Number of protein chains: 2
Amino acid sequence: MENATKNQDGRHLRSKQTRQKLLEAARDIFLQEGFQNTTIKQIIKLANTGYGTAYTHFTGKDDLLIVLMEDVMQKFFDIADISFYPSSKEEARRMILDQVHTFFQIAESERDMMKVFSEAMGLSSAINAKWEQIRHKLIQSITNDITYSQQHGLARSDLKAELVARQWFYANEMYQWEIVFNRHGVSLDEIAKTITIMYTDALYL
Amino acid sequence: MENATKNQDGRHLRSKQTRQKLLEAARDIFLQEGFQNTTIKQIIKLANTGYGTAYTHFTGKDDLLIVLMEDVMQKFFDIADISFYPSSKEEARRMILDQVHTFFQIAESERDMMKVFSEAMGLSSAINAKWEQIRHKLIQSITNDITYSQQHGLARSDLKAELVARQWFYANEMYQWEIVFNRHGVSLDEIAKTITIMYTDALYL
DNA sequence: ATTTATATTGACATGGTGTCACTATTGTCA
DNA sequence: TGACAATAGTGACACCATGTCAATATAAAT
């Protein structure tokens, strides 16, 4: 009666275990094969379930990956929740630099999964929509930070906060992909520093 | 004898015509259906050729689109070739604003094709590589412009030109996609102005 | 023990792809 | 001109992944 979650069946338990097996198998295969090359067959084989089973728990490959994305997404959302109430340009710069570092470090630590996401974004509109959520939340958060700075006389007010926020976010996002794919000889640190200086020198008074 | 191009067969001519028919049909279908939903079947039907014919002229869907991309790519390359020798911050700002406008205007005028490219980039690594060429060329060009400005005492020299160039390009590219997909109420003009001001105020002395 | 509810299963229909052996067309040369 | 060569075009076919569904297995309830 108190057990509010659900009918605490053994059935339900079995179902949850199967689902979990599928998710873990999917993770392994995705990491090994990438999104495109992964087939349901491979996943159910590793998970040791029947073919149709995958479809009773998930709507398809996309859905499987989306669930796996959610962990990583949370890390990004956490960045948006960092408080931002600087009282000077210098303080703002320090705080922003920290955020950029955090952002880039997620890219590094989750590199392999991020590669899969990147591939899957182009292949699945559902996954794309999921990523769009991250974008939206982070841009929203940056917009708030800029607005705060403007209202407290720290930042120039002649530009629309949201337009500036997008510009800033895009630079971050794209550099993040560069880091994921190791496209650069330049250190993560120097990138963070450079883009932060450009941003804060343009925006803050 | 003088006809250096090739064996001036009627065969060769016929072949060229078939190829052209396929390209035109592909263009129509791509615009109508998008990349993913387009099938070779649809293309060859519209082009009035046999199924296998498409494969003798092109390696597949990707290849067809890549050839169609080349026209548009040229427009982007043209931007990179615009000369840039400003003698003051103000002049630099004007010139850069012009470039941004041009860049955005391509997005607008080629909107439908750009949408197809965008979709296809995620689906085909060959097409992705093609787009990467555009990125590379434009970033290279911006890097040169920054270096010139630094060497002539117009721009700060404490930042690596290439890092700044990437940051700038990414903002442009991402906003361009927004324009392509009409994601914004804000005018193209205000976007161009905002990002240019941010960029030049940060970089130029 | 019987019935009901839920979970699992794999065979099947579907649809697109790329290949390849074959046909058709055009050019060449004796 | 007729035979042969070279090139272009063709569509049937094998392949493979997907998602569905009717059937089956397992657990719960009575």
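## Two chains, two DNA strands

A polar side-chain atom of B:Tyr51 sits 3.2 Å from a base nitrogen of DNA strand C. That's one small spot in a predicted model where chain A and chain B meet each other and also come up against DNA strands C and D. Here's a quick tour, starting with the DNA and then moving on to how the chains pair up.

**Around DNA strand C**

- There are 20 residues around DNA strand C, and the ones that come nearest are A:Thr18, A:Gly50, A:Thr53, A:His57 and B:Gly10.
- Both chains pitch in here: α1 (10-37) and α3 (51-57) of chain A, along with α1 (10-37) and α3 (51-57) of chain B, each supply at least two residues of the surface near DNA strand C.
- The largest share of that surface comes from α3(A), with five residues.
- Sort the surface near DNA strand C by class and you get ten polar, six charged and four nonpolar residues.
- What part of the strand faces the protein? Of the atoms of DNA strand C within 4 Å of the protein, 66% belong to sugar or phosphate, and the rest belong to bases.
- For a backbone example, look at A:His57: an N or O atom in its side chain is 2.6 Å from a phosphate oxygen of DNA strand C.
- For a base example, try A:Gly52, where a polar backbone atom is 3.0 Å from a base nitrogen of DNA strand C.

**Around DNA strand D**

- Here 19 residues surround the strand, and the closest are A:Gly10, B:Thr18, B:Gly50, B:Thr53 and B:His57.
- Of the atoms of DNA strand D that come within 4 Å of the protein, sugar and phosphate account for 63%.
- Which helices build the surface near DNA strand D? Each of α1 and α3 of chain A, and α1 and α3 of chain B, supplies at least two of its residues.
- For DNA strand D the largest share, five residues, comes from α3(B).
- The class split for the surface near DNA strand D is ten polar, five charged and four nonpolar residues.
- Two phosphate contacts are worth a look: a polar side-chain atom of B:Thr53 lies 2.6 Å from a phosphate oxygen of DNA strand D, and a backbone N or O atom of A:Ile40 lies 3.2 Å from a phosphate oxygen of DNA strand D.
- A:Tyr51 goes for a base instead, with an N or O atom in its side chain 3.3 Å from a base nitrogen of DNA strand D.

**Where the chains meet**

- Chain A and chain B each put 32 residues into their contact.
- Together the two chains bury about 2900 Å², with 64% of it on carbon and sulfur atoms.
- On the chain A side, A:Leu163, A:Gln167 and A:Met198 supply 24% of the area buried against chain B, more than any other three residues.
- The interface also has twelve residue pairs in polar contact.
- Three helices of chain A each supply at least two residues of the side that touches chain B: α6 (111-123), α8 (161-180) and α9 (188-203).
- Of the chain A elements, α8(A) gives the most to that side, with twelve residues.
- By class, the side of chain A that touches chain B has 17 nonpolar, ten charged and five polar residues.

**Salt bridges**

- Over all chains, the whole structure has 24 salt bridges, and six salt bridges run across the interface of chain A and chain B.
- One of them joins A:Glu178 to B:Arg166, with the closest N and O atoms 2.9 Å apart.
- B:Glu178 forms a salt bridge with A:Arg166, this time with the closest N and O atoms 3.0 Å apart. That pair crosses between chains, going from helix α8 of chain B to helix α8 of chain A.

**How the copies are arranged**

- Turn chain A by 180°, with 0.0 Å of shift along the axis, and it superposes on chain B with an RMSD of 0.1 Å. That is the relation of a two-fold axis.
- Which residue of chain A comes closest to the rotation axis? It's A:Gly122, whose C-alpha is at 1.8 Å.
- The copies meet through the same surface, because 100% of the interface residues of chain A are also interface residues in chain B.

Key
Residues numbered from 1 in each chain as written. Chains lettered and ligands numbered in written order. Predicted model: local features only at pLDDT ≥ 70, side-chain atom pairs only at ≥ 80, totals over all residues. Heavy atoms only, no water. Contact = heavy atoms within 4.5 Å. Buried area = accessible area lost by both parts, 1.4 Å probe. Salt bridge = Lys/Arg side-chain N within 4 Å of Asp/Glu carboxyl O. Polar contact = N/O pair within 3.5 Å; in protein donor to acceptor, adjacent residues only side chain to side chain. Helix = DSSP H or I, 4+ residues; strand = E, 2+ residues; numbered from the N terminus. Nonpolar A, V, L, I, M, F, W, Y, C, P; charged D, E, K, R; others polar. Least-squares fit on C-alpha atoms with pLDDT ≥ 70 in both. Near = heavy atom within 4 Å.
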